[in-house]
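The following exercises concern the structure shown below. Each consists of a task and a solution in steps.

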Amino acid sequence: MNPRKILFVDDDPEIREVLRLLLQSEGYEVVEACDGNEVLKLMDESVDLVILDVMMPGLGGYGVCTEIRKRSAVPILFLTAKSQDSDKTLGFSVGGDDYLVKPFSCSEIISRVKALLRRYYEYGAKKCGGAEVVSLPGGVEIDPVQCCVKQDGADVPLTDIEYRILLLLASNPKKVFSVQNIYESVWNEPFFYSCNNTVMVHIRNIRRKLGDDNQNSRIIQTVWGRGYRVG
(Lines give C-alpha, C1' and ligand atoms only; values in the text may rest on other atoms or scores of the structure.)
Protein backbone atom coordinates (compact mmCIF):
# COMPACT_ATOMS: atom_id res chain seq x y z
CA MET A 1 0.00 0.00 0.00
CA ASN A 2 1.26 3.47 -0.86
CA PRO A 3 2.07 5.73 2.10
CA ARG A 4 -0.64 8.14 3.21
CA LYS A 5 -0.13 11.57 1.72
CA ILE A 6 -0.28 14.58 4.06
CA LEU A 7 -0.48 18.16 2.85
CA PHE A 8 0.40 20.79 5.44
CA VAL A 9 0.91 24.53 5.51
CA ASP A 10 2.67 26.88 7.88
CA ASP A 11 4.27 30.23 7.12
CA ASP A 12 7.11 29.45 9.58
CA PRO A 13 9.87 27.55 7.70
CA GLU A 14 11.28 26.09 10.94
CA ILE A 15 7.92 24.56 11.87
CA ARG A 16 7.55 23.21 8.33
CA GLU A 17 10.95 21.53 8.53
CA VAL A 18 10.25 19.96 11.93
CA LEU A 19 6.84 18.74 10.89
CA ARG A 20 8.09 17.40 7.57
CA LEU A 21 10.87 15.39 9.22
CA LEU A 22 8.50 14.12 11.91
CA LEU A 23 5.84 12.95 9.47
CA GLN A 24 8.37 11.40 7.12
CA SER A 25 9.88 9.48 10.04
CA GLU A 26 6.44 7.91 10.53
CA GLY A 27 6.35 6.80 6.90
CA TYR A 28 4.02 9.46 5.49
CA GLU A 29 4.43 11.15 2.13
CA VAL A 30 4.63 14.87 2.83
CA VAL A 31 3.73 17.86 0.68
CA GLU A 32 4.29 21.26 2.26
CA ALA A 33 3.08 24.76 1.46
CA CYS A 34 3.94 28.19 2.82
CA ASP A 35 0.56 29.90 2.41
CA GLY A 36 -3.13 29.20 1.89
CA ASN A 37 -3.21 29.85 -1.84
CA GLU A 38 -0.43 27.31 -2.41
CA VAL A 39 -2.41 24.70 -0.46
CA LEU A 40 -5.39 25.09 -2.79
CA LYS A 41 -3.11 24.65 -5.81
CA LEU A 42 -1.60 21.46 -4.37
CA MET A 43 -4.87 19.99 -3.11
CA ASP A 44 -6.12 17.01 -5.13
CA GLU A 45 -7.71 13.57 -4.65
CA SER A 46 -4.37 11.98 -3.73
CA VAL A 47 -4.21 13.92 -0.43
CA ASP A 48 -5.25 11.84 2.59
CA LEU A 49 -5.06 14.52 5.30
CA VAL A 50 -4.54 18.28 5.50
CA ILE A 51 -2.81 20.12 8.36
CA LEU A 52 -3.57 23.86 8.36
CA ASP A 53 -1.98 26.67 10.27
CA VAL A 54 -4.76 29.11 11.20
CA MET A 55 -2.85 32.39 11.20
CA MET A 56 -1.21 33.00 7.82
CA PRO A 57 -0.74 36.08 5.65
CA GLY A 58 -3.30 36.28 2.88
CA LEU A 59 -5.81 33.46 2.91
CA GLY A 60 -5.88 32.03 6.45
CA GLY A 61 -6.55 28.51 7.62
CA TYR A 62 -10.29 28.94 8.07
CA GLY A 63 -10.64 30.30 4.55
CA VAL A 64 -8.58 27.44 3.11
CA CYS A 65 -10.71 24.92 5.00
CA THR A 66 -13.89 26.45 3.61
CA GLU A 67 -12.57 26.12 0.06
CA ILE A 68 -11.39 22.53 0.57
CA ARG A 69 -14.78 21.52 1.96
CA LYS A 70 -16.41 22.59 -1.32
CA ARG A 71 -14.70 19.65 -3.03
CA SER A 72 -13.43 17.17 -0.46
CA ALA A 73 -14.26 15.44 2.85
CA VAL A 74 -10.57 14.79 3.59
CA PRO A 75 -9.68 15.10 7.31
CA ILE A 76 -8.44 18.55 8.32
CA LEU A 77 -6.36 19.26 11.42
CA PHE A 78 -5.91 22.88 12.52
CA LEU A 79 -2.70 24.09 14.18
CA THR A 80 -2.97 27.37 16.01
CA ALA A 81 -1.68 29.48 18.87
CA LYS A 82 -5.28 30.36 19.77
CA SER A 83 -6.79 28.27 22.54
CA GLN A 84 -10.16 29.94 23.19
CA ASP A 85 -13.30 27.80 22.82
CA SER A 86 -14.66 30.37 20.36
CA ASP A 87 -11.66 29.77 18.10
CA LYS A 88 -12.21 26.01 18.21
CA THR A 89 -15.91 26.48 17.50
CA LEU A 90 -15.07 28.54 14.44
CA GLY A 91 -12.62 25.88 13.26
CA PHE A 92 -15.23 23.14 13.55
CA SER A 93 -17.95 25.29 12.00
CA VAL A 94 -15.98 25.75 8.77
CA GLY A 95 -15.40 22.00 8.48
CA GLY A 96 -12.30 21.18 10.56
CA ASP A 97 -12.07 17.74 12.16
CA ASP A 98 -9.57 18.40 14.94
CA TYR A 99 -7.74 21.29 16.58
CA LEU A 100 -4.24 21.30 18.09
CA VAL A 101 -2.88 24.28 20.02
CA LYS A 102 0.77 25.35 19.68
CA PRO A 103 3.16 24.49 21.17
CA PHE A 104 2.46 20.78 20.83
CA SER A 105 4.56 17.68 21.41
CA CYS A 106 5.70 15.38 18.61
CA SER A 107 3.80 12.47 20.11
CA GLU A 108 0.61 14.51 20.35
CA ILE A 109 0.49 15.58 16.71
CA ILE A 110 1.38 12.08 15.49
CA SER A 111 -1.38 10.56 17.62
CA ARG A 112 -3.90 13.08 16.21
CA VAL A 113 -2.80 12.36 12.64
CA LYS A 114 -3.07 8.60 13.13
CA ALA A 115 -6.48 8.93 14.78
CA LEU A 116 -7.87 11.08 11.95
CA LEU A 117 -6.56 8.74 9.27
CA ARG A 118 -7.86 5.69 11.13
CA ARG A 119 -11.34 7.17 11.47
CA TYR A 120 -11.39 8.21 7.83
CA TYR A 121 -10.14 4.96 6.29
CA GLU A 122 -11.18 2.21 8.69
CA TYR A 123 -14.73 3.33 9.46
CA GLY A 124 -15.21 6.74 7.91
CA ALA A 125 -15.97 8.31 4.56
CA LYS A 126 -13.47 6.11 2.68
CA LYS A 127 -14.94 2.83 3.90
CA CYS A 128 -17.74 1.20 1.96
CA GLY A 129 -20.16 -1.19 3.57
CA GLY A 130 -23.11 -3.24 2.39
CA ALA A 131 -26.00 -1.59 4.21
CA GLU A 132 -29.14 -0.35 2.52
CA VAL A 133 -29.90 3.30 1.87
CA VAL A 134 -31.37 5.02 4.94
CA SER A 135 -34.21 7.48 4.20
CA LEU A 136 -34.98 10.44 6.45
CA PRO A 137 -37.60 13.21 6.38
CA GLY A 138 -36.97 16.16 4.10
CA GLY A 139 -35.91 14.05 1.13
CA VAL A 140 -32.64 13.00 2.81
CA GLU A 141 -31.01 9.69 1.89
CA ILE A 142 -27.84 8.20 3.38
CA ASP A 143 -26.03 5.67 1.20
CA PRO A 144 -23.53 3.69 3.34
CA VAL A 145 -22.20 1.93 0.23
CA GLN A 146 -21.24 5.15 -1.54
CA CYS A 147 -20.64 6.88 1.81
CA CYS A 148 -22.65 9.90 0.78
CA VAL A 149 -25.76 11.87 1.70
CA LYS A 150 -28.25 13.24 -0.80
CA GLN A 151 -31.20 15.54 -0.36
CA ASP A 152 -33.80 15.60 -3.11
CA GLY A 153 -31.19 13.93 -5.33
CA ALA A 154 -28.48 16.54 -4.73
CA ASP A 155 -25.23 15.75 -2.87
CA VAL A 156 -24.93 17.19 0.64
CA PRO A 157 -21.27 18.11 1.34
CA LEU A 158 -20.87 16.67 4.83
CA THR A 159 -17.46 16.23 6.38
CA ASP A 160 -16.39 12.77 7.54
CA ILE A 161 -17.33 13.53 11.16
CA GLU A 162 -20.69 15.05 10.17
CA TYR A 163 -21.47 12.04 7.98
CA ARG A 164 -20.69 9.59 10.77
CA ILE A 165 -22.81 11.49 13.32
CA LEU A 166 -25.80 11.53 10.97
CA LEU A 167 -25.34 7.85 10.06
CA LEU A 168 -25.10 6.89 13.75
CA LEU A 169 -28.36 8.66 14.58
CA ALA A 170 -30.18 7.52 11.44
CA SER A 171 -29.15 3.89 11.91
CA ASN A 172 -30.80 3.89 15.33
CA PRO A 173 -34.17 5.62 14.80
CA LYS A 174 -35.91 6.99 17.87
CA LYS A 175 -32.92 6.13 20.08
CA VAL A 176 -31.70 9.11 22.09
CA PHE A 177 -27.94 9.59 22.03
CA SER A 178 -26.35 11.76 24.68
CA VAL A 179 -23.49 14.05 23.67
CA GLN A 180 -21.15 11.62 25.38
CA ASN A 181 -22.64 8.67 23.44
CA ILE A 182 -22.12 10.51 20.16
CA TYR A 183 -18.58 11.60 20.94
CA GLU A 184 -17.37 8.20 22.09
CA SER A 185 -19.09 6.40 19.18
CA VAL A 186 -17.85 8.76 16.46
CA TRP A 187 -14.47 9.95 17.74
CA ASN A 188 -13.68 6.64 19.47
CA GLU A 189 -11.98 8.56 22.25
CA PRO A 190 -12.77 9.11 25.96
CA PHE A 191 -15.28 11.91 26.55
CA PHE A 192 -14.42 15.06 28.48
CA TYR A 193 -16.76 17.90 29.40
CA SER A 194 -15.00 20.22 26.96
CA CYS A 195 -16.15 17.93 24.12
CA ASN A 196 -19.77 19.07 24.58
CA ASN A 197 -19.32 22.12 22.41
CA THR A 198 -17.53 20.11 19.72
CA VAL A 199 -20.51 17.79 19.24
CA MET A 200 -23.02 20.64 19.35
CA VAL A 201 -21.16 22.55 16.62
CA HIS A 202 -21.14 19.50 14.34
CA ILE A 203 -24.87 18.92 14.93
CA ARG A 204 -25.52 22.55 14.06
CA ASN A 205 -23.47 22.23 10.87
CA ILE A 206 -25.41 19.12 9.79
CA ARG A 207 -28.71 20.88 10.37
CA ARG A 208 -27.59 23.93 8.42
CA LYS A 209 -26.46 21.87 5.44
CA LEU A 210 -29.75 19.95 5.44
CA GLY A 211 -31.84 23.10 5.86
CA ASP A 212 -33.09 21.62 9.13
CA ASP A 213 -34.27 24.44 11.37
CA ASN A 214 -32.89 24.13 14.90
CA GLN A 215 -36.18 25.15 16.52
CA ASN A 216 -38.51 23.01 14.39
CA SER A 217 -36.21 20.20 13.29
CA ARG A 218 -37.69 17.49 11.08
CA ILE A 219 -34.50 15.43 10.92
CA ILE A 220 -32.28 15.69 14.01
CA GLN A 221 -34.42 16.31 17.05
CA THR A 222 -33.14 17.68 20.34
CA VAL A 223 -34.38 15.83 23.41
CA TRP A 224 -33.79 18.46 26.06
CA GLY A 225 -31.58 17.32 28.89
CA ARG A 226 -30.87 13.98 27.20
CA GLY A 227 -29.36 14.42 23.72
CA TYR A 228 -30.36 13.94 20.09
CA ARG A 229 -32.33 11.47 18.00
CA VAL A 230 -33.65 10.88 14.48
CA GLY A 231 -37.24 9.74 13.96
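## Exercise 1: A peptide bond in a loop

Pro103 is placed in the loop between β5 (98-101) and α5 (106-122). The model is a predicted one.

Task: Determine the configuration of the peptide bond that joins Lys102 and Pro103.

Solution.
1. The omega angle of the bond between Lys102 and Pro103 is about -5°.
2. This bond is therefore a cis peptide bond.
3. Most peptide bonds are trans.

## Exercise 2: Residues with positive phi

Task: For Asp152 and Lys174, state the value of phi, and decide whether each is buried or exposed.

Solution.
1. Asp152 is not a glycine, yet its phi is positive, about 55°. It is located in the loop between β8 (148-151) and β9 (154-155).
2. The relative accessibility of Asp152 is 66%, so it counts as exposed, the cut-off being over 50%.
3. Lys174, also a residue other than glycine, has a positive phi near 70°. Its place is the loop between α6 and α7.
4. Since its relative accessibility is 60%, Lys174 counts as exposed.
5. A further case is Asn188, which follows α7 and has a positive phi near 55°.
6. As background, most residues other than glycine have a negative phi.

## Exercise 3: The buried sides of two helices

Task: Identify the buried residues of α3 and α7, and establish where they lie around each helix axis.

Solution.
1. Helix α3 spans residues 61-69, and its buried residues are Gly61, Tyr62, Val64, Cys65, Ile68 and Arg69.
2. Because these residues cover an arc of only 160° around the axis, they are on the same side of α3.
3. In α7, the buried residues are Val179, Ile182, Tyr183 and Val186.
4. Viewed down the axis of α7, they fall within an arc of 95° and so line one face of the helix.

## Exercise 4: Packing against α8

Task: Characterise the packing of α6 and of α7 with α8, giving the geometry and the residues involved.

Solution.
1. Helix α6 (residues 160-170) packs with helix α8 (residues 195-210) at an angle of about 85°, and their axes are 10 Å apart.
2. The angle makes α6 roughly perpendicular to α8, as it falls in the range of 65 to 115 degrees.
3. On the α6 side, the contact is made by Ile161, Glu162, Ile165, Leu166 and Leu169; on the α8 side, by His202, Ile203, Asn205, Ile206, Lys209 and Leu210.
4. Seven of the residues in the contact of α6 with α8 are nonpolar, two are polar and two are charged.
5. Helix α7 (residues 179-186) also packs with α8 at about 85°, with 10 Å between the axes. Helix α7 is therefore roughly perpendicular to α8.
6. Here Val179, Ile182 and Tyr183 of α7 meet Cys195, Asn196 and Val199 of α8.
7. The contact of α7 with α8 has five nonpolar residues, one polar residue and no charged residues.

## Exercise 5: The surroundings of two residues

Task: Which residues does Asn205 contact, and which does Leu59 touch, when sequence neighbours up to four places away are left aside?

Solution.
1. Asn205 lies in helix α8 and counts as buried, at 3% relative accessibility.
2. Its contacts are Phe92, Ser93 and Glu162. Glu162 of α6 and Asn205 of α8 are among the residues that form the contact of these helices.
3. Leu59 occupies the loop between β3 (49-53) and α3. Leu59 is partly exposed, with a relative accessible area of 27%.
4. Leu59 touches Gly36, Asn37, Leu40 and Val64. One of these, Val64, is a buried residue of α3.
5. Between the C-alpha atoms of Leu59 and Asp97 there are 19 Å, and the two residues are 38 apart along the chain.

## Exercise 6: Disulfides

Task: How many disulfides does the structure hold, and why does Cys34 form no bond with Cys65?

Solution.
1. The structure holds zero disulfides. A disulfide would require sulfur atoms within 2.5 Å.
2. The cysteine sulfur closest to that of Cys34 is in Cys65, at 19 Å, which is too far for a bond.
3. As to accessibility, Cys34 is partly exposed, at a relative accessible area of 35%, whereas Cys65 is buried, at 0%.

Technical notes: Residues are numbered from 1 along each chain as its sequence is written. This is a predicted model: local features need pLDDT of at least 70, side-chain atom pairs count only at pLDDT 80 or more; totals for chains, interfaces and linings use all residues. Side-chain values use heavy atoms; hydrogens and water are left out. Buried means under 20% relative accessible area, exposed over 50%, partly exposed in between (1.4 Å probe, protein chains only). Helices (H or I, at least four residues) and strands (E, at least two) are DSSP runs, numbered from the N terminus. The arc is that of the directions from the helix axis to the C-beta atoms. Axes are lines fitted to C-alpha atoms, for helices over the stretch in contact, and angles run from 0 to 180 degrees between N-to-C directions. Angles under 35 degrees count as roughly parallel, over 145 as roughly antiparallel, 65 to 115 as roughly perpendicular and the rest as oblique. Contact means heavy atoms within 4.5 Å. Ala, Val, Leu, Ile, Met, Phe, Trp, Tyr, Cys and Pro count as nonpolar, Asp, Glu, Lys and Arg as charged, and the others, Gly among them, as polar.
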